[in-house]
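Visitor: I have a model open on my screen and I'd like to learn how to read it. Could you walk me through it?

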Amino acid sequence: MENNNSSLSGRARAPRKPKKSQIPYAILVTILILGLGLYLSSLGAKLPAYLIFGVAFGYVLQRSRFCFTAALRDPWITGSTSLTRAALIAFGLAAIGFTAIKYNSVLSGADQTLAMEGVAPIGLPLMLGGVLFGIGMVISGGCASGTLMRVGEGFTMQVLSLAFFVIGSLWGAHDMTFWNRFNENAPKIFLPDIFGWFGGVVVQAGIIVLLYIAALKWQEKKMGSME
Amino acid sequence: MNEFFKKLGNQPIYKRLMKEPLTYVGGAVLLALFNIAHFGLFESGWGVSSALANWGAWIYQSFGGDVSSWSYFASEKAQQTLANGFWMDGGSIRNVGIILGALVCTLYASQFKIKKIKAVRQVVAAILGGLLMGYGARMAHGCNIGALFTAISSMSLSGWVFAIFLMAGAFIGSKLLAKYFM
Amino acid sequence: MAEFTLDCMGEACPVPLMKCEKKMNELKVGDVLLVSIDHSCAMKNVPEWARTRGHNVEIEEVDDGEWEVIIEKTN
């Protein structure tokens, strides 16, 4: 393509082999996705929507290189917290929307509200699982969503780790009979239950702001810059 | 034809839209937006790993195994999901969507390349990491999406607790990586 | 003003970043490091790390999904 000298290294480059545009393949895959969506719509009304959301998440993850693993890992490795702070922003924004939807479902007076949707028990399995997952995502170079995204990008290593993720899930599901014993008395804590709807939002926002400040301070200490 | 697409690929606006990465904060805002919309439409937040357990169950069953006695798959809903198969399971479709979405973006950017495994240590890291993630995700009822992102968004205290232990795990993982996998 | 190279082809995150950090410590001010990577995330986090550290950085797309990050040590 270009044959310019890099201003930093200042050396002449050898001409590169001609590049081939991959856009035609991109168009083919787009057609494939649309076809799959069409097929799914014949199976169930909501199924194509799952595909659209999946593609949207894949698009955002790939284009922004947003990575939950790096958000939790980079503070330890380089001291950078730029992704940690971005993740906090995602948490804060999503919480506002989720809470609004939940509050609306409670106000509507339905028997089955959405209030406790996504609220999980805090027990030993959660904590142990967190440590295991944390180790796994760092050494395999990607978390659950990141692994899927990298499979799409063509990483053979992540294809392997996805396969063993599936095996590990099956193994974990098998052992849940054992682990669930520790969840019997584990509390499910929904913040608005303790602080009220408004108080819950304030507490959550407070946690996020404090963590954001802590992340800035951490990076300044480790890297000498908040940028 | 190739000339046309090459030209298009080098067009400044196309490059900006399809090639140059979005900022991390831009990604965060979009992920939050899509997760909220997901919750609004399906009345459940985004998750990745529980569908992967279903994949495991289907593969196990195709080898003649039976998971119906496991308490994890015992509920009627779980049995129904397993009986209906892959293309009726929203979570599985969504995961396929993530792979396809990432693939199509990489192709539009002309940056697709099969990246081969380079060293034995990468094989060990991928196997060990995959197993730990799969097992850990089942214990915690989710991964960094379901038990972290969606849980915190759902105002569940469990999300923050999970975050603390994930960070501890990431610390241990970083040390292991520096020692054995570099 | 020496020039060093670092081959991170086929390495997944965060290995390129860690190798880079290690290598940069061995360089003197004014030296240049050429890092070859084919990991799309490293193509963002390696330059970002180097910029935060105050070094001069350039990225060049060498081939489909392959980049060269050129870092000049400034401090």
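**Reading the interfaces**

Guide: Let's start where chain A meets chain B: 24 residue pairs are in polar contact there, both partners at pLDDT 80 or more. Keep in mind that this is a predicted model.

Visitor: Which elements of chain A give two or more residues to the side that touches chain B?

Guide: Helices α1 (23-43), α2 (47-64), α3 (68-77), α4 (82-107), α5 (124-139), α6 (144-153), α7 (156-179) and α8 (191-223) of chain A. The top contributor is α7(A), with 20 residues.

Visitor: And how does that side of chain A divide by class?

Guide: You'll find 83 nonpolar, 32 polar and 10 charged residues on the side of chain A that touches chain B.

Visitor: How do I read the extent of an interface like this? How many residues of chain A and chain B are in contact?

Guide: Look at residue counts and buried area together. Here 125 residues of chain A contact 125 residues of chain B. The buried area between these two chains is about 11700 Å², and carbon and sulfur atoms give 79% of it. On the chain A side, the residues losing the most area to chain B are Phe57(A), Arg63(A) and Phe98(A), which together make up 7% of what that side buries.

Visitor: How many salt bridges are there across the interface of chain A and chain B?

Guide: The rule finds 0 salt bridges between chain A and chain B. Now try chain C against chain B, where the count is 5 salt bridges. One to click on joins Glu11(C) to Arg121(B), with the closest N and O atoms 2.8 Å apart.

Visitor: Which parts of chain C supply the side that touches chain B?

Guide: At least two residues each come from α1 (15-26), α2 (42-52) and β4 (66-72) of chain C. By class, the chain C side has 7 nonpolar, 3 polar and 10 charged residues.

Visitor: What are the contact numbers and the buried area for chain C and chain B?

Guide: In that interface, 20 residues of chain C contact 18 residues of chain B. The buried area is about 1500 Å², with 52% from carbon and sulfur atoms. There are also 7 residue pairs in polar contact between chain C and chain B, both at pLDDT 80 or more.

Visitor: Chain B keeps coming up. How many helices and strands does chain B have?

Guide: Its secondary structure comes to 9 helices and 0 strands. The C-alpha trace of chain B spans about 60 × 45 × 40 Å along its principal axes. Of its 182 residues, 54% count as buried. Chain B exposes about 7700 Å², and carbon and sulfur atoms supply 67% of that.

Visitor: How would I read contacts along the sequence of chain B?

Guide: Take the pairs at least 6 apart in sequence: in chain B, 50% of those contacts join residues at least 24 apart.

Visitor: Can we finish on a single residue? Is Asn35(B) buried or exposed?

Guide: Asn35(B) counts as buried because its relative accessibility is 0%, and the cut-off for buried is under 20%. You'll find Asn35(B) in helix α3 (residues 24-42) of chain B.

Visitor: What is Asn35(B) in contact with, beyond its neighbours within four places in sequence?

Guide: Its contacts include Phe57(A) and Phe98(A), plus Gly45(B), Trp46(B), Phe149(B), Thr150(B) and Ser153(B). A polar atom of the Asn35(B) side chain lies 3.0 Å from the backbone nitrogen of Trp46(B). For a long-range pair, check Ile145(B): its C-alpha is 10.0 Å from that of Asn35(B), and the two residues are 110 apart along the chain.

Technical notes:
Residues are numbered from 1 along each chain as its sequence is written. Chains are lettered from A and ligands numbered from 1 in the order in which they are written. This is a predicted model: local features need pLDDT of at least 70, side-chain atom pairs count only at pLDDT 80 or more; totals for chains, interfaces and linings use all residues. Side-chain values use heavy atoms; hydrogens and water are left out. Contact means heavy atoms within 4.5 Å. Buried area is the accessible area (1.4 Å probe) that two parts lose on being put together, summed over both. A salt bridge is a side-chain nitrogen of Lys or Arg within 4 Å of a carboxyl oxygen of Asp or Glu. A polar contact is a pair of N or O atoms within 3.5 Å; within protein, one must be able to donate a hydrogen and the other to accept it, and residues adjacent in sequence count only if both atoms are side-chain atoms. Helices (H or I, at least four residues) and strands (E, at least two) are DSSP runs, numbered from the N terminus. Ala, Val, Leu, Ile, Met, Phe, Trp, Tyr, Cys and Pro count as nonpolar, Asp, Glu, Lys and Arg as charged, and the others, Gly among them, as polar. Buried means under 20% relative accessible area, exposed over 50%, partly exposed in between (1.4 Å probe, protein chains only). Accessible areas come from the Shrake-Rupley method with a 1.4 Å probe; for residues, only the protein chains shown count as cover.
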